[in-house]
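Here are a few friendly notes to read alongside the model. Please keep the structure open and look up each element as you go.

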Amino acid sequence: MKVVTDFGDVSVEVDDDAIGTVRLCRGPSNFFDTASVGDVRRALTFAAEKNARVVVLASEGKHFCAGMDFGNDKRSAPEELYAHAAGILETPLPIIAAVQGSAVGGGLGLALAADFRVACPSTRFWANFTRLGLHHGFGITVTLPAVVGQQRAAEMLMTARRVDGAEALAIGLCDRLVDEPNLAAEARRFAAEIAACAPLSVRATRETLRGDLADRVRAATKRELEQQLLLGRTEDFKEGIRASRERREPRFLGR
C-alpha cells in the first residue's frame, strides 16, 4: 500500500515497489531555508522507516533547487541548516536526485548529497558562490571533489562556471542523461534497479563506500560557515547580490 505524507514544504511517498519519492514543493525555483532542508531530512528518515529501499529526490517547478534566496530569505539559521545537510548524508537509503533546470549554489550541494544524479541536456549545475562574493557551503568542499575530482571541483568553484548536462555526464557529475519529459521515469527506473537488489547488501555496500563522509562534511561546514559569515560582511558580497538582482556583471573591488 502506498504511503503518502507531507513535511512542511516537502512531500514524501513510498510505493509498493519500495521506492520512495521525496519532493521539494517550493516551485518554481525551490529556494530552500533551514526549515525546508530539515523537512527533506525528516522525509528521508520517514521513507526509511516505511521500508523504502531507495529514494528519488525530486522537486516541483522549473528548477531542481536554486539554493538560498539571499535577497528575501530571513528564516535560515546557518548552523542548523548545515547540521541538517550532514544529517541528509547519514540517511541509510541510496538517494537518486532527479535534476531539472538548475542546481545552483546550495542547490548543487543538495544534489551532491545524493548518491546519484539523473539530469537533462538543459540542466545546469552551478557553483555560483564566487560570482556573489561568497564562500561555498553545504559541505561542497567534500562532496564536489568526491564526485568530479579535486581539479574539476576547484575549477567549478573558482570560476563559477555553469556546467550543462552533457558536460556533467562526461565528468561524472550526473550518472544518466535524458530529455526532460523522461526525467522522472528514468530516475524511477534507476531506483527500481537498486530496489531489486538485496537491501541489506545495498546498505552495507553504501556504508562502506561513504565511510566517514558525514563527519567530514560536518568538519568542512564549520570552515565554510566561518568564511561565509566573514565574506557576507564585505562590499564585494553586497555588489555580487546587487549584480545578480540587476542581471549584470559584478564589479568586485576586493573589499
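**Notes on the second pocket, two sheets and a helix pair**

1. Four elements, β7 (116-119), α5 (140-148), α9 (199-210) and α10 (213-231), each supply at least two residues of the lining of the second largest pocket. Helices (H or I, at least four residues) and strands (E, at least two) are DSSP runs, numbered from the N terminus. α9 gives the most to this lining, with 5 residues.

2. A word on the source: this is a predicted model, where local features need pLDDT of at least 70 and side-chain atom pairs count only at pLDDT 80 or more, while totals for chains, interfaces and linings use all residues. Residues are numbered from 1 along each chain as its sequence is written, and side-chain values use heavy atoms, with hydrogens and water left out.

3. Back to the pocket: the second largest one has a volume of about 460 Å³ (the space filled by probe spheres set on the grid points, which are joined across faces, edges and corners). Of the 20 residues lining this pocket, the closest to its centre are Ala-114, Asp-115, Phe-116, Leu-209 and Arg-210. A pocket here is an open set of points on a 1 Å grid over the protein atoms alone, where a 1.4 Å probe fits, with protein on both sides within 12 Å along at least five of seven lines; lining residues have an atom within 4 Å of a point.

4. How many residues of that lining are nonpolar, polar and charged? The lining divides into 12 nonpolar, 2 polar and 6 charged (Ala, Val, Leu, Ile, Met, Phe, Trp, Tyr, Cys and Pro count as nonpolar, Asp, Glu, Lys and Arg as charged, and the others, Gly among them, as polar).

5. Now find the open sheet of 7 strands, with the order β1-β2-β3-β4-β5-β7-β10 and mixed pairing. β1 (3-7) and β10 (176-177) are at its edges with a single partner strand each, so one side of each has no neighbour in the sheet. Strands β2 (residues 10-14) and β3 (residues 19-24) pair in the antiparallel sense over 5 bridges (two strands pair if DSSP finds at least two bridges between them). Val-12 has Val-22 in β3 as its bridge partner.

6. Another open sheet has 3 strands in the order β6-β8-β9, again with mixed pairing. Its edges are β6 (102-104) and β9 (163-164), each with a single partner strand, so one side of each is left without a neighbour in the sheet. β6 pairs with β8 (residues 124-126) in the parallel sense over 3 bridges, and Val-104 stands opposite Trp-126 in β8.
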